Amino acid sequence: MSKKQVFIIGGGAAGFFCAANLSRDLYHITILEQNAEVLQKVKISGGGRCNLTHACFDPRELVQFYPRGSKELLSVFSKFQPADTMAWFSERGLELKVEADNRVFPVTDSSQNVIDLLTKEAKKNSVEIRTKTTVKDIQFKDDKYQISTNNGSFTADKLIYTTGSSPKSFKIIQNLGHKIISPVPSLFTFNIKDPLLQELAGTSFTNATVSIPSLGAEESGALLITHWGLSAPAILKLSAWEARRLATLNYQFEIEVNFISIGWEQAVEDFISFKNQNPKRSLQQSKIFDVTNRFWQRILSISQVDASKQMANVSKKEMERILENLCRKRLKVEGKSTFKDEFVTCGGVDLKEINFKDMSSKILPNLFIAGEVLNIDALTGGFNFQACWSEAYLITHSLAQGAPTAWEPLSRGGTR
């Protein structure tokens with residue numbers, strides 16, 4: 001019996017994980033990738049270190065890191081989750097490490113090792129990898145998929161669509177009958193021009209609270225002053241959860257920042273307590289709150305308080321001006337900056353049209369969709385890759401067609 005032809009459109013994380021886990025006894029597998037190199041996002045992930053996944057092993061907790069897709073991914077992660085990802089890579093010789101923030105990386109801190117392993121496993125499966133092959137159109141005719149590319153036409157018995165979130169890929173899948181939720185950026189920094197932030201790029205805060213009053217949205221976490229404004233988890237989380245609403249505001253809005261994540265009353269109490277205990281110390285030499293000296297000097301400057309003044313002589317109004325800038329600072333956001341190569345999109349194929357038991361299309365037979373082309377996205381920390389690995393595994397498990405699978409995840413009762 002001749003092998004079925006499986007074509008994978010897109011040589012990224014989801015596509016290669018499918019290729020690595022499909023049965024070469026059942027299928028002839030071909031990857032079509034428009035770029036000259038495959039796995040480009042894997043290469044630049046985590047600053048070139050590749051943040052493979054996140055050490056969160058409870059699916060109910062894991063889905064909380066996904067602004068879109070959390071409900072659907074619960075069942076997906078119950079079948080293949082981060083522990084399974086780590087086991088899959090480890091058993092193939094890639095030693096992993098879990099960092100303090102639970103992000104998972106290769107011990108080598110090199111994404112190339114991940115790329116080498118995935119390409120090696122694909123080659124073991126006799127996968128044909130065609131780079132510089134741009135898909136122009138896909139038609140479903142006579143129970144097969146006719147794929148037109150710049151390098152000729154191909155016929156697929158089964159089609160796995162893992163293209164990522166480019167407008168062209170959305171258009172092709174839309175022409176096949178799928179609904180596309182209009183894409184907007186997610187995970188971006190806030191562009192802010194304000195005297196408080198000028199010349200302080202690189203200044204960080206361990207725990208700050210940032211809110212968008214007009215939307216009633218708030219997030220806490222690390223905060224970083226950049227050349228363009230503000231970034232780091234507190235900002236990125238806000239941008240992800242509020243991606244669609246911020247797009248409607250055209251990225252023009254006001255935020256309120258509490259740089260020390262201390263409530264007003266507590267901040268007042270801490271200030272007065274320090275003042276009473278250190279009456280002769282100057283303001284500029286006073287380490288009242290956990291901020292850098294440079295930032296403290298800037299706070300005093302924009303609060304229009306004499307930095308050389310002794311604590312005993314600081315008036316109530318001066319204290320309040322200082323604390324307003326520390327705990328209730330209003331800043332105007334005028335635009336966004338995205339992580340160019342690590343760009344993440346909110347939007348994609350409507351999740352109502354996907355069967356999350358095996359990632360198959362509800363619109364057409366023998367069509368499977370995974371990765372960023374779906375209306376699923378996550379916070380930073382390895383979560384977007386984890387969705388790719390898990391979705392891809394479900395596809396390959398489904399396509400096993402009753403044949404014994406080469407590898408069973410721990411979450412499905414596998415033993416190793």
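Look first at the place where two helices touch in this predicted model: F16, F17, A19 and A20 of helix α1 meet L118, T119, E121 and A122 of helix α6. Sorted by character, the residues of this contact are six nonpolar, one polar and one charged.

How do the two helices lie against each other? Two packed helices are described by the angle between their axes and the distance between the axes. Here α1, which covers residues 13-21, and α6, which covers residues 111-124, pack at an angle of about 40 degrees, and their axes are 7 Å apart. Because of that angle, α1 counts as oblique to α6. The crossing of α1 past α6 is left-handed.

Now move along to the strands. Strands of a sheet pair through backbone hydrogen bonds, either parallel or antiparallel. In this model you can find an open sheet of three strands, in the order β3-β5-β4, and its pairing is antiparallel. Which strands form the edges? They are β3, at 53-54, and β4, at 96-98, each of which pairs on one side only. Follow β4 across to its neighbour and you reach β5, residues 103-106; three bridges join these antiparallel strands. If you would like a spot to zoom in on, try V98, whose bridge partner in β5 is V104.

From the sheet it is a short step to the loops beside these strands. Side chains of opposite charge can pair when their charged atoms come close. A search of the whole structure turns up 22 salt bridges, and one of them is worth a visit here. The side chains of R49 and D109 meet in a salt bridge, with 3.1 Å from N to O. R49 sits in the loop between α2 (40-48) and β3, while D109 sits in the loop between β5 and α6, so this pair ties together parts that are 60 residues apart in sequence.

Finally, visit another pair of helices, α4 and α13. Which residues bring them into contact? L73, V76 and F77 of α4 meet Q386, A387, S390, E391 and L394 of α13. This contact divides into five nonpolar residues, two polar and one charged. Helix α4 spans residues 70-77 and helix α13 spans residues 383-398; their axes come within 10 Å and cross at roughly 60 degrees. That crossing angle makes α4 oblique to α13. As α4 passes α13, the crossing is left-handed.

Note on methods:
Residues numbered from 1 in each chain as written. Predicted model: local features only at pLDDT ≥ 70, side-chain atom pairs only at ≥ 80, totals over all residues. Heavy atoms only, no water. Axes fitted to C-alpha atoms, helices over the stretch in contact; angles between N-to-C directions. Helix = DSSP H or I, 4+ residues; strand = E, 2+ residues; numbered from the N terminus. Parallel < 35°, antiparallel > 145°, perpendicular 65-115°, else oblique. Left-handed = near helix turned anticlockwise from the far one by under 90°. Contact = heavy atoms within 4.5 Å. Nonpolar A, V, L, I, M, F, W, Y, C, P; charged D, E, K, R; others polar. Pairing = 2+ DSSP bridges. Salt bridge = Lys/Arg side-chain N within 4 Å of Asp/Glu carboxyl O.
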